[in-house]
Structures are given as structure tokens and as C-alpha cells.
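User: Take me through the strand pairing in this model up close, please. Start with one bridge partner, then work outwards to whatever surrounds it.

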Amino acid sequence: MAAATDEAEASTSCNVSTDDNHPWPYLKEMFSFAGVQNDSYRMQCLLCLPRTTKISAFKNSSSNLRKHIERKHPNHLNNYSELTSTSQKRKNVSKNMEPLTKQLKIGETKIISQATVDKAVLRFIVYGLQPFSVVEKDEFKGLIHDLQPKSAVRSRSTICAKIEEAAGEMKKSLTEAMRGVEYICTTTDCWSSRRRSFIGMTAHWIDPNNLHRCSAALACRQLKGSHTFDVLAAAIHDIHSEFEIHEKVVCITTDNGSNFLKAFRVYGGENKYGNNAESATATTSEDEYASDTEDEEKCEEIEYVEVSEILALDDLEFHLPKNQRCACHLLNLVSAVDVDAAQTDETYKRLSRSSFSKCWALWNKSGRSNKAAEMMEEECSLQLIRPNATRWNSLFLSVERILKIMKEKGDGAFRNLCAEFKIPMFTPAEKAFLGEYVTAMAPVAKAINILQGENNVHMGWLVPTLNIMVSKLKRAEISMKLCKSLVDAILAGVTKRFGDMLNDPELIAAAILLPKFKTYWTTDAAILKLGLDFIKKNMEETSQLTSDATSSEEEDFFKPLKSSQAQQGPAVLDGYLTCAGDDMGVLKTFPPLLKLSLRLNTPLPASAACERLFSTAGLIFSPKRARINSKNFENQLLLKLNKNIAPL
């Protein structure tokens, strides 16, 4: 009695509430809700009546109520267990709780379970790219308490554990989603930030049911030590094996880093897209090697590998798929490196240096001075775009913005601006040069913009895009007076870096097997013949393999019928080429072509998808979160990017 009296007196300090707000409605026949005190609920035992007995129970656990039943009312323990069982709990909750659509009275709060609050907080942190420490802030705790007074905010360690658990479920869902896909491609790249390095990888495939592109982020894990070719090869193999796609990956798209190229040269399969020098033997001369492997790292020393060392490696038990060099990166090298060949023309060289020196003076002034930026906004209503060495098209877009301002605001406004900045005004010859420069670079910039797509771009877009780009460059060259040497340098660079791709039968066949292009994108009969012959050959091989796999001694008698059926391959191809419509669904009418098209067009021509992964990663890996654990960082990033595949 004394204990009961003490509890009754203590209950006077708590916030009394009605039974409608019962935290455990399924226990109403045993306990009534008496109120809230600090972080606990106050419950009155109905089995103890007429004696008043109140028990404190934590908001996230009713274990104290069970202990009370065990001590005071052991004969009701079985009934308590039945009420707290999952099925009975759902039944009682659905019966006792009011409909969610009912309008709440003033001062009432809708009852939401702790699990629902936990999931909402988890989504806020993951999808909002919030730091885990947000749950420790008093303001956040106050927000949750004001919205749901009966709910608790989980600790930081609990949130990390729940995110890790959700990441594990997400990986299982992603693995299961890719298990039913026959062809998959991946893109991979390396990224360094805050004195840490990471390797990122994305996966892409075509849904065989609706023929839509599907994408997912596979990894962004830390790499320690030097990024040598064997380390990269082992990381790529481990990620493929983790998601059980090693045998399904038909191609990996990477940039032109020498470590990636060497990894595929040593561990990879046939690599025939513009990598003749990389596949050469160690006896290749230094001049030949350097001319074919030139990239953005011009000062990198050539590394020779002894054949005996390669054969002695213990890690040759794995084999990497075929490698595709990023087309956007190659085009960027064409527009940034190969165009230097135009400097041999003295007129172009003089105008280029004078024009771009004034452009850079404008970009630097507006980028470093707030006053200059404000004046630019007042005079021109537009800000200048400053070139970025790591962003494709940035120089083209920056020059295009200057010409746009000149055209819209006139020479007078721009002259006043240059005078205020103490920068010489552009001469008529320099303005004409910049105009021709934009005209010459526009097809290249447009091609880069197209090829770096992800949702609607396939490998078959590569050759038609390059072919049309070259045609536009040749047409533009006719009317040029100052930038003809620039166009010649671009065309030479395209031939140098894409020569093998433009004549590759597999890439040509991939373009033909896209209803958008078929054979309309070129008039070169020799080029089309390479692709059509490749398609016919693969259709015959597929038919032969199917025939061998299903043949028996009795069926050999009817083999001539199968041979005549196999000869219908060219007829199927002719029917596809004459079929109207440019939607991917057209391929479903021609199953043999559909299967081949899926294999050839699953890869992406550029690794921009991996660049996008790193862009999101940079939002998480901010200066204030530089100490985040690499595993927690990867879990949050993958959950964010794979929201459509495995939502929280």
C-alpha cells in the first residue's frame, strides 16, 4: 500500500492525459494511460483495482508492465502474452485507433508509432544528405518532441546502425534486380577529396521488358596507397563479385588514366577501341608509345613492364571485361590538346592569343572582385561563365556567353564595362575570331553533351554522333576565314583518337540495331557493310549454337529444315531495316535482333555517370564531415542514389 501511495503521489507531477492517447492500445483491458512524466509513461493497472497502482514505463518499451504482471498477477501472464503478440497487436490497434482521415481536434496530436518516426528521421538524413550528428542537436530533438511528444530521438550510433542495415538490404535488392538481367555495363573512375581517395562504380542495363535504361550506384569505397593497375583491377573485380555480375558485364567504361588502361591491358580482354599503342609489346619504341597514349597527364613518365613480371603475378586468377575509353573525355582532349596544332597558322595564333587574353582578364576580374561582378550584373543583366578545367564544354560556354552579352547589350555597354575594368576592348577582328571559334566548337560541344547522357543514350549513339559532328565541321569550314586551321586540327584529332572506333564493325552494328538510326546516319556503303556483315555473322552463330544445343539423333533427320530456317536471318534484317518507327519497341518484333542489340547497346559511350556519383559524394564529404567513416559515407551515398531501386 505504501508503494502504491508513493506512486500515486508521484503521479501528480506528470501531465495527465485521456485514455484516447493510450501508447499501447492493445493493453487497454489491463492498463489505463495516466500521463507522461519526463521520458516515461505513467500507466495504471486495472487488475489492481480498487487499489491504485501506477507503473512507470519507458516510451520505447513496455517491459515494466510485463514485470508487474509477472510479480502481481501471474495468472494473467498468458493473456498479456497474447495481447502483445504481433497478430493480436495489429487487430487491437486497428480496432481501437481512430481513422487517420479523421480531422484532429484543436490540441490533439495524431498517434504515430516510434518505428514510423525512426524511418522518417532516417529518410531525412539519407535523402537530405544530413550529418548523422543532427540527431544530437537540441533543436532537432525539440522539433521531434513538439511534433510527437511521445516519440524519442534515436542516438547517433543507432542511426548509423540502421543506415548500415538499410544499406545491406539495398544491396540485396539491387543484386536481385540485376540477377534477371543478361547484359550489364559498368562505369568506374577514381576521385580524391580531403586527403582521401575513392573508387566509384555505377551499373547500367536495359530492362528486357520495356527496353528502358536502368542505372544504379554500386560502390564508392576508399582506396589506400598508390592507385596502381593491380589495385584498381582487384577493386573492380571485388565490386563485380560482390553484386554477382562478373560474368554479365559486357563492357567497362573508364577515362584515359594510364593506370586504368594498364589494368585492362594486363587483366582485361580484347581492347580494340583506340588502344593500339597500349596493347603493343614492350619493344614498342618510346616515340610511338608516347604519340598514342598522350592524355591530360602529359608529364607522366612511360612505364615499361617486363613480361616475366606479368606472368609471375599471383592475381591473374581474375579476368576483367572489355574496356571502353570515355568518348567525352577523348573529345575533351581533342578540344583542349589537339587544337594546339592550329597554332602553326600565324594569323590564328595571333588572334587566338589576343582574344583569349582579354577573355581571361574579364573572367578573372569578375570572378575575384565583388564590385566587378555587381557592375557586370547592372550593365549586362548576366554574369560571365568562368571556364573550369574539370568541366567539359566550359570554355565553349564561357566564350558563347561573352558573345551573347555583346549581341544583346551592344558594343557600347560592353565598351563601358571594359573601360571600368581597365581591359582593352575587343577589336572587330577579335570579335570575328571568337564568333568563328564558337561556330567551330559548337558541334564538338553538342556531341559531348549528347554522349554524356545516361537515360536515353546507348553505345550505338557513338559512331552516328561522331559522323554527324565531322560532317558539320566540314560544312562550317567552308565559310570560315580565321579558324580553318582550328577545324583542321579538330578533324585530325578526331581521326587520331576515334579512328578505330569509326571503323569498328561492332560499334557500327550497334548503331544500325537502334531503330533511331538504322542506316540513315551515313551514306558510306563500305561503313554500313561492315556493320551489316557483323550482324549477319552473329545471327548465324546464335542460330547455330541454339541448333547444336537442342539437337538430337532423331532431329538430325530434319536438319535441312533448320538450315533453311537459319537462312532467314538476312530476311529478318531486311524486314527490320524497312520497318517504320524509331522506338526501341520495334525490336520486339525481331527477337534475334533484339538479343544482339541488347548486348551491343547496353554499354555507355562515356563515364559521365560515375562523375555524377562523385558530384553527389562531394555534397556528403564536405569540410565539416571530413572525418566521416568511409563505410558510413558509402552507405549514405548508395542509399541516396539508389532511392528508386530500394527506397527507405
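Analyst: Let's start with Thr-187, whose bridge partner in β7 is Thr-253. This is a predicted model, where local features need pLDDT of at least 70 and side-chain atom pairs count only at pLDDT 80 or more, while totals for chains, interfaces and linings use all residues. Numbering runs from 1 along each chain as its sequence is written, and side-chain values use heavy atoms, with hydrogens and water left out.

The two strands concerned are β4 (residues 184-193) and β7 (residues 249-254), which run parallel and are joined by 4 bridges. Strands here are DSSP E runs of at least two residues and helices are H or I runs of at least four, numbered from the N terminus; pairing takes at least two DSSP bridges. Zoom out and you get an open sheet of 5 strands in the order β6-β5-β4-β7-β8, with mixed pairing. β6 (213-223) and β8 (323-325) are its edge strands, each pairing on one side only. On average, neighbouring strands in this sheet are turned by 25 degrees against each other, direction ignored. (Angles run from 0 to 180 degrees between N-to-C directions, with axes fitted to C-alpha atoms, for helices over the stretch in contact.)

Now for the space around β4. The second largest pocket has a volume of about 1,500 Å³. Of its 47 lining residues, Asn-332, Ala-389, Thr-390, Arg-391 and Trp-392 are the closest to its centre. β4 is one of the elements that give two or more residues to that lining, and others include α9 (258-267), α12 (327-336) and α13 (346-368). The top contributor is α24, with 6 residues. By class, 23 of the lining residues are nonpolar, 15 polar and 9 charged. (Nonpolar is Ala, Val, Leu, Ile, Met, Phe, Trp, Tyr, Cys and Pro; charged is Asp, Glu, Lys and Arg; the others, Gly among them, are polar.)

As for enclosed space, there is 1 cavity of 30 Å³ or more, and the largest cavity holds about 40 Å³. On a 1 Å grid over the protein atoms alone, a 1.4 Å probe fits in a cavity but cannot get out, whereas a pocket is open, with protein on both sides within 12 Å along at least five of seven lines; lining means an atom within 4 Å of a point. Points join across faces, edges and corners, and volume is the space filled by probe spheres set on them. Val-117, Asp-118, Val-121, Ile-144, Ala-152, Val-153, Arg-154 and Ile-159 line the largest cavity, with 6 nonpolar, no polar and 2 charged residues by class. α5 gives the most here, with 3 residues.

Follow α5 (residues 114-127) and you run into α25 (residues 630-641): their axes come within 9 Å and cross at roughly 95 degrees. Ile-125, Val-126 and Tyr-127 in α5 meet Gln-636, Leu-639 and Lys-640 in α25 (contact being heavy atoms within 4.5 Å). That patch has 4 nonpolar, 1 polar and 1 charged residues.

Back to strands, for a second sheet: this open one has 3 strands, ordered β1-β2-β3, with antiparallel pairing. Its edges are β1 (31-37) and β3 (54-58), each pairing on one side only, and neighbours are turned by 30 degrees on average, direction ignored. β1 and β2 (residues 40-45) share 6 antiparallel bridges, with Ser-32 opposite Gln-44 in β2. Helix α2 (residues 63-72) lies across β1, β2 and β3, at about 140 degrees to β3.
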